[in-house]
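Let's work through a few exercises on charged side chains together. Keep the viewer open and try each task before reading its solution.

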Amino acid sequence: MGKYQAVVVDDEESIATLMAAFLKQEGLEVKQFTNCHEALDSIKNIRTDLYFVDYLLPAMKGDQFIAKLRDEGETAPAVLMTGMGKSQVEQETDVSYEDILEKPFTLEDVSQVVHYFLK
């Protein structure tokens, strides 16, 4: 796999760091953020191939973050990460995301998502 760019947005720094480590182990370059507004400002001028976004962020929900990306023309796949049940998140959201990754997740879970979207 070539050098793909991933962005991780999770207000829990330990989870953002763990996720970044998982993705780096998969060979991706990673930008990680714990603040969604900082992430939106910082990623405007970088190419991103895959987003991992926590669903329950303090300033806005993950689906709102993804909606802002889509409004700006971003088409890269976006995966919501959540400790809530997948079905509950699906009922609460109506924005275009590609998958939901339930916490706690394993390296294998992350690997499957990466290979599915970036193969």
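Below are three exercises on salt bridges, each with a worked solution.

This is a predicted model, in which local features need pLDDT of at least 70, side-chain atom pairs count only at pLDDT 80 or more, and totals for chains, interfaces and linings use all residues. Residues are numbered from 1 along each chain as its sequence is written, and side-chain values use heavy atoms, with hydrogens and water left out.

**Exercise 1.** Find how many salt bridges there are (a side-chain nitrogen of Lys or Arg within 4 Å of a carboxyl oxygen of Asp or Glu).

Solution. Applying this rule gives four salt bridges. One of them joins K103 and D10, with 2.9 Å between the closest N and O atoms. K103 sits in the loop between β5 (99–102) and α5 (107–118) and D10 in the loop between β1 (5–9) and α1 (13–25), so this pair ties together parts 93 residues apart in sequence. Here helices (H or I, at least four residues) and strands (E, at least two) are DSSP runs, numbered from the N terminus.

**Exercise 2.** Work out which residues form a network with K103.

Solution. Start with D54: its side chain meets that of K103 in a salt bridge, 2.9 Å from N to O. D54 belongs to strand β3 (residues 50–54), 49 residues from K103. Next, add D10: the network of salt bridges links D10, D54 and K103.

**Exercise 3.** Decide whether K103, D54 and E98 are buried (under 20% relative accessible area), exposed (over 50%) or partly exposed (in between; 1.4 Å probe, protein chains only).

Solution. K103, at 18%, is buried. D54, at 5%, is buried too. E98, at 34%, is partly exposed.
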